[in-house]
Amino acid sequence: MSSAARYDASGDQRDMENTRLYIGVDVGTSNSGYTFAIGRHSDRYVCYGGKTDGSKVPTILLLNNDQEKSFHSFGKTAWDNYQGLEESEKKHYYLFVRFKMALHRDKVMNCSFSLYSIRL
């Protein structure tokens, strides 16, 4: 088995070198949606979404307060994770809520662009 061979959820071996992951994100003002598809070049791509009823998730982003400001969670999960923290722990995270319109503030976004997190 090559280092690129993996097993999918059904236990079938898959050649990951020829597998592609496609992700689509619709960032909305209040809610956001997403979809993804996984397959090989010759596969038909099946899209998977957030919920089968077509609903979206809240536009909430939680980042870790580490050097990279790494991703922690998104949507209701981010909100629930942040709300579950002790007040003294909240300083270790950045919480962004309904931030879409701030992304349109400047005509050109570059490395000096800033968003401010909220502390609840």
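This is a short walk through the structure in your viewer, one selection at a time.

**The whole chain**

Keep in mind that you are looking at a predicted model. Start with a cartoon view: the protein has 2 helices and 9 strands. Following the sequence from start to end, you pass through them in the order β-β-β-β-β-β-β-β-α-β-α. If you switch on the surface, about 9000 Å² of the protein is accessible, and carbon and sulfur atoms own 52% of that. Of the 120 residues, 22% are buried. Among contacts with a separation of 6 or more, 38% link residues 24 or more positions apart.

**Stop one: strand S7**

Now select residues 60–64, which form strand S7. Is this strand mostly covered or mostly open? Mostly covered: 5 of its 5 residues are buried. Turn the strand over and you will find cover on both faces, with Ile60, Leu62 and Asn64 buried on one side and Leu61 and Leu63 buried on the other.

Next, add the strands that pair with S7. Strand S9, residues 93–97, runs antiparallel to S7 and is joined to it by 5 bridges. Pick leucine 63 and look across to S9, where tyrosine 94 is its bridge partner. Strand S8 is also antiparallel to S7, with 3 bridges between them. Here, leucine 61 faces phenylalanine 74 of S8. S7 and S8 make a hairpin, and 6 residues lie between the two strands. While you are in that turn, click on lysine 69, whose phi is positive at about 55 degrees.

**Stop two: serine 73**

Stay with S8, residues 71–74, and select serine 73. Serine 73 counts as buried because its relative accessibility is 5%, under the 20% cut-off. Which side chains make polar contacts with it? One is histidine 72, at 2.9 Å from side chain to side chain. Another is asparagine 81, whose side chain meets that of serine 73 in a polar contact of 3.1 Å. Leaving aside residues up to four places away in sequence, serine 73 touches Ile60, Leu61, Leu62, Ala78 and Asn81. Three of the names in that list, Ile60, Leu61 and Leu62, will be familiar from your visit to S7.

**Stop three: the salt bridges**

How many salt bridges does the structure hold? There are 2. For one of them, show the side chains of aspartate 80 and lysine 76, where the closest N and O atoms are 2.7 Å apart. Both residues sit in helix H1 (residues 76–83), 4 residues apart, or about one turn of the helix. Aspartate 80 has a relative accessibility of 39%, so it counts as partly exposed.

For the other, select lysine 90 and glutamate 87, whose side chains meet with an N to O distance of 3.7 Å. Colour this pair by accessibility: lysine 90 is buried, at 7% relative accessible area, whereas glutamate 87 is exposed, at 54%.

**Last stop: a nonpolar patch**

Finally, bring back the surface and select Leu21, Ile23, Val25, Tyr34 and Ile38, which make a nonpolar patch of about 510 Å². Strand S3 (19–26) and strand S4 (31–40) each supply at least two of the patch residues. Which strand gives the most? That is S3, with 3 residues. Tyrosine 34 belongs to S4, and its 38% relative accessibility makes it partly exposed.

Note on methods: Residues numbered from 1 in each chain as written. Predicted model: local features only at pLDDT ≥ 70, side-chain atom pairs only at ≥ 80, totals over all residues. Heavy atoms only, no water. Patch = residues over 30% accessible without salt bridge, like charges linked within 9 Å, V, L, I, M, F, W, Y side chains within 5 Å. Areas by Shrake-Rupley, 256 points an atom, 1.4 Å probe, with all protein chains shown as cover. Salt bridge = Lys/Arg side-chain N within 4 Å of Asp/Glu carboxyl O. Buried < 20%, exposed > 50% of the residue type's maximum accessible area, 1.4 Å probe, protein only. Polar contact = N/O pair within 3.5 Å; in protein donor to acceptor, adjacent residues only side chain to side chain. Contact = heavy atoms within 4.5 Å. Pairing = 2+ DSSP bridges.
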